[in-house]
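Visitor: Hi, I have a structure to go through and some quick questions. Could you walk me through it?
Guide: Happy to, let's bring it up.

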Amino acid sequence: MKLTKLAAAAVAASIAATPVLADLVFPSLDYRTGPYAANGIPFADGYADYFTLVNARDGGIGGVAAKVIACETGYNTEKGVECYESTKGEGALVYQPLSTGITYQLIPKATADGIPVHSMGYGRTSAANGKVFSNIFNYPANYWNGASHAVNHAIADSGGDISGKTIALVYHNSAYGKEPIRTLEELSKKHGFKLSLLAVDHPGQEQKSQWLQIRREKPDYVFMWGWGVMNQVAIQEAANIRYPMDKFVGIWWSGSENDVLPAGDGANGYKALAMHNVGSDFPVFDDIKKYVVDAGNAAGAGDQVGTVLYNRGMYAAMLAVEAAKTAQEIHGTADITPAMMRDGMEALVIDEAKMTALGMPNFGPTFSVSCENHGGPGLGAISQWDASAKKWSLISGFEPSDNEIINALIAEDSAAFAAENNIAEGCK
Amino acid sequence: MSADFYYAIEVILNGLMAGVMYSLVALGFVLIFKASGIFNYAQGVMALFAALTLVGFQNGEIPFSHLINAVFGTDIHHFGWHMPAFFAILCSLAVMILFAFLVEKYILKHLVNQEPIILFMATIGLAYFMEGFGDLMWGADIKKLDVGIPQGGNIWLEENTAFLGGDDFYGFYIDNLDIWATIFAAILVISLVIFSQYTKTGRALRAVADDHQAALSVGISLRSIWVIVWAIAGFVALVAGIMWGSKSGVQFSLSLIALKALPVLMLGGFTSIPGAIIGGLIIGVGEKLFEFLIGAPFLGGATENWFAYMLALLFLVFRPQGLFGEKIIERV
């Protein structure tokens, strides 16, 4: 009897002595209001729902619950910085700014604070050089990879030779929209195509001049770096002038259901780059339905599950969770810090076996991250819109970009940043 | 004539059409400013709200369904019917008239005799309230708007003008939607002119516009006039919302169309209905032609917004009241 009491007391004492693990905090810089809410809502839903799933199905990450702290930015850079400042003290492990403007503001702040930033498919492209941008990650692909994917697709579509042809770039007249220009200029020299640049002023509701020019010049391909209403108007205008939609390719931020549905049948055949798979035909969605939506714990109304931007949010959350698991393995503790999270992100490996185990077979490209390369190999796919079925489909695998050109540009731009900011290149 | 000459004409034609679209937005501003001296910051949001309401009626969406579902755990979204466009427009118009009553009752009535800047600030508040209210009522997703207006290039015009400029000319391109917008704008302006010139209420509107105090002294109810003018501005917002929403889908960026109306107002004057039309046409043609001749070939493009505001600024310098605005002379 005494022995039992002693044992019970010992167990109680050991439980009491075990430190209570704090939740692993993942801030979500949402924009559920404002002009871009239609795009912000599905991403935020997907991001939050995946963490809810991990908590409900797996008991958290390494046994520690994940906690999402939502902060509304309205896609406004100042508010985004406020969100960062107000949440970083909560033990934030990684920020997904969801805006190129906010990312640029957070690069010096987060680096100084030792918190990693994951700008997935946006932000500063040269942040792929981890020797300069120690805390910034932009895997699995960046804008320059995207420009190269689009050109590669045009080359393949032209039978392997695009020399003498014309590609028009319709772009948002902002730092974001101008990102692919340098890469496209280099690629035009290499492949011998003519590049025509057509800027569209924010917000892009009136694009008659640009599409009249396209109608006059009849470029062989039109690429688009658009956002928000600019996408819908461009796709409608392209349909109006009867531009062949299968020659019209948008960046992944111009390739959601929101962008094509307003144009109805006119958008049929439109293509967009993809850094992850589309649709809801993956086992993980059964789990999301069972553990999240049916349990009444969905972040939104549950009506966005399987849309392109929901999938992107979910994919970003999956990459964060896998990086956290990697960090836990590296440091031998479940209670990781932002610095450990950074190490986990830098050692992240996403392979097919891992994605299949997560119920996401072929959901994204396989890649690994290193100190030298925070952007991964830059694989990307092409998706195409079927207006009658109202769904996107991948029409290619995840294929490489022209890293010979892109790596040189990354090295040049990151070296300039390092010189401006007195950063000594190197690995931590 | 070379193909470039005909393309320049095409640009002018499309500029005129774009100008009509800008004028549709500017008209709402003019109506309210003329009758009450208020620069209605909420005019763009009114167009958005009207279009959201129209799509909501058409698709049989249950207003506030997201809120109801969140509070009561229900799963309701639609009534299950699809309303014909004509009836949906009438219902939306009724909502905009109700909106005018509510604005007068809860905002304007309490701000009589306040400084114009106070009234302007009130409309800023109204704009943000309506944006959130519209989001709550109909959801933030992008909605397709289809009231049966044809879209796409007018093929008849293209085919019958293609011979003009040789092999490099593909015929004049004009969007059918823009043609219909021009027809609606013409009907709207003629109706407004007839209403203001030949009806008792219209004359009362003009009297209030000329002199509030004098109008009040002869028994014209300022409050009724405000309700009427906000209801008419609501109707104009509905027409603008239909036209712009058909191009881009109905989404919250629709409220930003107000930005396209500002240079039109600066150029045409804040108090003139014909000024809104002429101003819109000048801005539309000017910005498109500048982009075609100078902006795209020499300046990297995207000069339209810049040119529109530059042109408006020039007018402000040399004719502050705009082309058709009333010159206000304050005597000390």
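Guide: One term before we start: a crossing is left-handed if the near helix is turned anticlockwise from the far one by less than a right angle, and right-handed if clockwise. Also keep in mind that this is a predicted model.

Visitor: Okay, so which way does H4(B) pass H10(B)?
Guide: The crossing of H4(B) with H10(B) is right-handed.

Visitor: And at what angle do their axes cross?
Guide: Roughly 140°, with the axes of H4 (residues 85-106) and H10 (residues 222-248) of chain B coming within 8 Å.

Visitor: Which residues of H4(B) and H10(B) meet there?
Guide: From H4(B) they include B:Leu93, B:Met96, B:Phe99 and B:Glu104. Among those from H10(B) are B:Arg223, B:Trp226, B:Trp230 and B:Phe235.

Visitor: How does that contact divide by residue class?
Guide: The contact of H4(B) with H10(B) has 14 nonpolar residues, two polar and two charged.

Visitor: What confidence does chain B get?
Guide: Its mean pLDDT is 90, and 98% of the residues of chain B reach 70 or more. For the complex, the predictor gives an ipTM of 0.89 and a pTM of 0.91.

Visitor: On to the interface, then. How many residues of chain A are in contact with chain B?
Guide: 34 residues of chain A, and they touch 37 residues of chain B. On the chain A side, the elements giving two or more residues are H2, strand E6 (194-200), helix H8 (208-217) and helix H9 (229-240).

Visitor: What's the class mix on that side of chain A?
Guide: There are 16 nonpolar, 12 polar and six charged residues on the side of chain A that touches chain B.

Visitor: Changing topic: what domains does chain A have?
Guide: The assignment gives domain 1 (22-141 + 281-378 + 407-420) and domain 2 (143-274). Their centres, taken over C-alpha atoms, are 28 Å apart.

Visitor: How many residues are in contact between those two domains?
Guide: 13 residues of domain 1 contact 16 residues of domain 2 in chain A. Helix H2 (37-58) and helix H12 (308-331) each give two or more residues to the domain 1 side. That side has seven nonpolar residues, six polar and no charged.

Visitor: Last one: is H13(A) mostly covered or uncovered?
Guide: Mostly covered, with eight of the nine residues of H13 (residues 338-346) of chain A buried. Among the buried ones are A:Arg342, A:Asp343 and A:Glu346.

Visitor: What do those buried residues pack against?
Guide: The buried residues of H13(A) pack against strand E3 (117-118), strand E4 (136-137) and H12 of chain A.

How values were computed
Residues are numbered from 1 along each chain as its sequence is written. Chains are lettered from A and ligands numbered from 1 in the order in which they are written. This is a predicted model: local features need pLDDT of at least 70, side-chain atom pairs count only at pLDDT 80 or more; totals for chains, interfaces and linings use all residues. Domain bounds come from an automatic or database domain assignment. Two residues are in contact if their C-beta atoms, placed from the backbone, lie within 7 Å. Helices (H or I, at least four residues) and strands (E, at least two) are DSSP runs, numbered from the N terminus. Ala, Val, Leu, Ile, Met, Phe, Trp, Tyr, Cys and Pro count as nonpolar, Asp, Glu, Lys and Arg as charged, and the others, Gly among them, as polar. pLDDT is the predictor's confidence in each residue, from 0 to 100. Axes are lines fitted to C-alpha atoms, for helices over the stretch in contact, and angles run from 0 to 180 degrees between N-to-C directions. A residue is buried if 20 or more other C-beta atoms lie within 10 Å of its own, exposed if 12 or fewer, and partly exposed in between; C-beta atoms are placed from the backbone.
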